[in-house]
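Biologist: I'm new to this one and would rather see a single part closely than skim the whole thing. Could you pick some helix packing and walk me through it, then show me what else is worth a look?

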Amino acid sequence: MQESIALTEAVFYILLSLYQPMHGYGIMQNVAQFSNGRVNLAAGTLYGALNTLLEKGWIRPEHTEESIRKKEYAITQSGRAAVEAELVRLQELIANGRKVVGGKRI
Amino acid sequence: MKHTIYKVFTVAEFEKEENWLNEMSAKGLQLTDIGFCRYVFEEGIHGEYVYRLELLENMPTHPESIAYIRFMEEMGVEHVGSILRWVYFRKKASDTPFDLYSDLDSRIRHFRRINLLCNWLIGINLVVGVINLLLFAGNIMSRYMGAATGMHYTNSVVGSVNLAIAVLIFVLARPIRMRLKKMQKENAVRE
């Protein structure tokens with residue numbers, strides 16, 4: 001198993017969605033919207049990801065009126081920290097990518 | 001109108017089974033109940049539902065399975081039925097596209113679960129087969145040594161059947177092993 005700090009697309013978008021309390025179906029729709037239909041979270045994948053994120057303490061169950069029928073989740077402090085760290089990593093990738101591809105070809 | 005069809009799909013043929021269920025749906029027959037090798041269909045709109053099936057980690061009665069099935073239902077997925085650890089889901093085709101897994105890791109985990117089940121079945125059949133054949137050999141030996149026992153062929157028959165089953169499952173599971181290897185290689189390149 002590789003020790004990787006990179007978040008998968010699915011996880012990144014799930015975390016972004018949970019900056020506001022949301023339930024599973026809402027997350028799925030939100031992610032599809034974020035990615036213009038490119039990322040279609042499947043139910044099984046979403047379930048696994050939510051459980052992993054709960055275990056890591058990056059999200060927590062949220063109790064709202066809606067959640068009596070459907071479980072809702074929200075991001076935690078450590079979840080936000082993970083997202084911010086990921087943004088830094090992604091910016092590094094983009095910067096280097098643009099430098100190499102956008103500039104002179106060696 | 002209900003139609004009951006009896007059909008055998010082995011452990012390793014779950015994708016074939018899923019395709020068949022979706023083909024039936026396209027013809028207007030929607031699966032509504034499942035038993036051991038028994039499929040109950042109801043006539044309905046052509047292509048009304050998309051069917052998916054998977055092998056759970058635990059039996060459907062286990063709290064983890066119950067939580068998973070409940071989550072699925074919250075997502076608008078119907079639980080059609082289960083046999084042992086296999087669950088059958090369906091979702092209206094008019095909804096968003098229905099797949100169980102959209103990422104490689106989950107798919108790999110599912111295939112590993114199936115591969116493990118196949119390996120257990122192969123292993124048990126091998127062990128039981130060998131034990132039976134040893135018992136049969138023992139029978140021959142004791143007669144050779146002059147004991148007044150009769151020839152008992154039960155063990156040789158059972159043992160041979162077990163070994164044959166072990167080999168059969170091993171061969172049938174090959175596509176699963178190959179897909180698993182391919183996915184694991186892909187995993188090293190991208191998610």
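Modeller: First, a bit of vocabulary: a helix axis here is a line fitted to C-alpha atoms over the stretch in contact, and the angle between two axes, taken between their N-to-C directions, runs from 0 to 180 degrees. Two packed helices are described by that angle and by the distance between the axes. Also keep in mind that this is a predicted model.

Let's settle on helix H3 of chain B, which covers residues 104-144. One of its partners is helix H5 of chain B, residues 174-189. Their axes are 10 Å apart and the packing angle is about 150°. Angles over 145 degrees count as roughly antiparallel, so H3(B) is roughly antiparallel to H5(B). The crossing of this pair is left-handed.

Which residues do the touching? From H3(B) come B:Leu104, B:Asp105, B:Arg107, B:Ile108, B:Phe111, B:Arg112, B:Ile114 and B:Asn115, and from H5(B) come B:Ile176, B:Arg177, B:Arg179, B:Leu180, B:Met183, B:Gln184, B:Glu186 and B:Asn187. Sorted by class, the contact of H3(B) with H5(B) has seven nonpolar, three polar and six charged residues. If you wonder about the spacing along a helix, an α-helix has 3.6 residues a turn, so residues three or four places apart point the same way.

Now slide along H3(B) to another partner, helix H4 of chain B, residues 154-172. Here the axes are 7 Å apart and the angle is about 155°. That makes H3(B) roughly antiparallel to H4(B), and the crossing is left-handed. On the H3(B) side, the residues that meet H4(B) include B:Cys118, B:Leu121, B:Ile122, B:Asn125, B:Leu133 and B:Phe136. Among those answering from H4(B) are B:Val158, B:Gly159, B:Asn162, B:Leu163, B:Ile165, B:Ala166 and B:Phe170. The class count for the contact of H3(B) with H4(B) is 15 nonpolar, eight polar and no charged residues. So put the two side by side: H5(B) meets H3(B) with six charged residues in the contact, while the contact with H4(B) has none.

For another kind of packing, hop over to chain A. Helix H1 of chain A (residues 9-17) and helix H2 of chain A (residues 24-34) have axes that come within 9 Å and cross at roughly 110°. That makes H1(A) roughly perpendicular to H2(A), in a right-handed crossing. A:Tyr13, A:Ile14, A:Leu16 and A:Ser17 from H1(A) meet A:Ile27, A:Asn30, A:Val31 and A:Phe34 from H2(A). Six of the residues in the contact of H1(A) with H2(A) are nonpolar, two are polar and none is charged.

H1(A) is also mostly covered, with seven of its nine residues buried. A:Tyr13, A:Ile14 and A:Ser17 are among those buried residues, and they turn up in the contact with H2(A) too. The cover over the buried residues of H1(A) includes strands S1, S2 and S3 and helices H2, H3 and H4 of chain A. For context, chain A has four helices and three strands, in the order α-β-α-α-β-β-α. Buried residues make up 41% of its 106 residues.

Finally, a few loop spots. Most residues other than glycine have a negative phi. A:Asn36, in the loop between H2 and H3 of chain A, has a positive phi of about 55°. At 75% relative accessibility, A:Asn36 counts as exposed. B:Cys37 also has a positive phi, near 60°, and is found in the loop between S2 and S3 of chain B. With 21% relative accessibility, B:Cys37 counts as partly exposed. B:Gly28, in the loop between H1 and S2 of chain B, counts as buried at 4% relative accessibility. Beyond its neighbours within four places in sequence, B:Gly28 is in contact with B:Glu42, B:Glu43, B:Gly44, B:Ile45 and B:His46.

Key:
Residues numbered from 1 in each chain as written. Chains lettered and ligands numbered in written order. Predicted model: local features only at pLDDT ≥ 70, side-chain atom pairs only at ≥ 80, totals over all residues. Heavy atoms only, no water. Helix = DSSP H or I, 4+ residues; strand = E, 2+ residues; numbered from the N terminus. Buried < 20%, exposed > 50% of the residue type's maximum accessible area, 1.4 Å probe, protein only. Parallel < 35°, antiparallel > 145°, perpendicular 65-115°, else oblique. Left-handed = near helix turned anticlockwise from the far one by under 90°. Contact = heavy atoms within 4.5 Å. Nonpolar A, V, L, I, M, F, W, Y, C, P; charged D, E, K, R; others polar.
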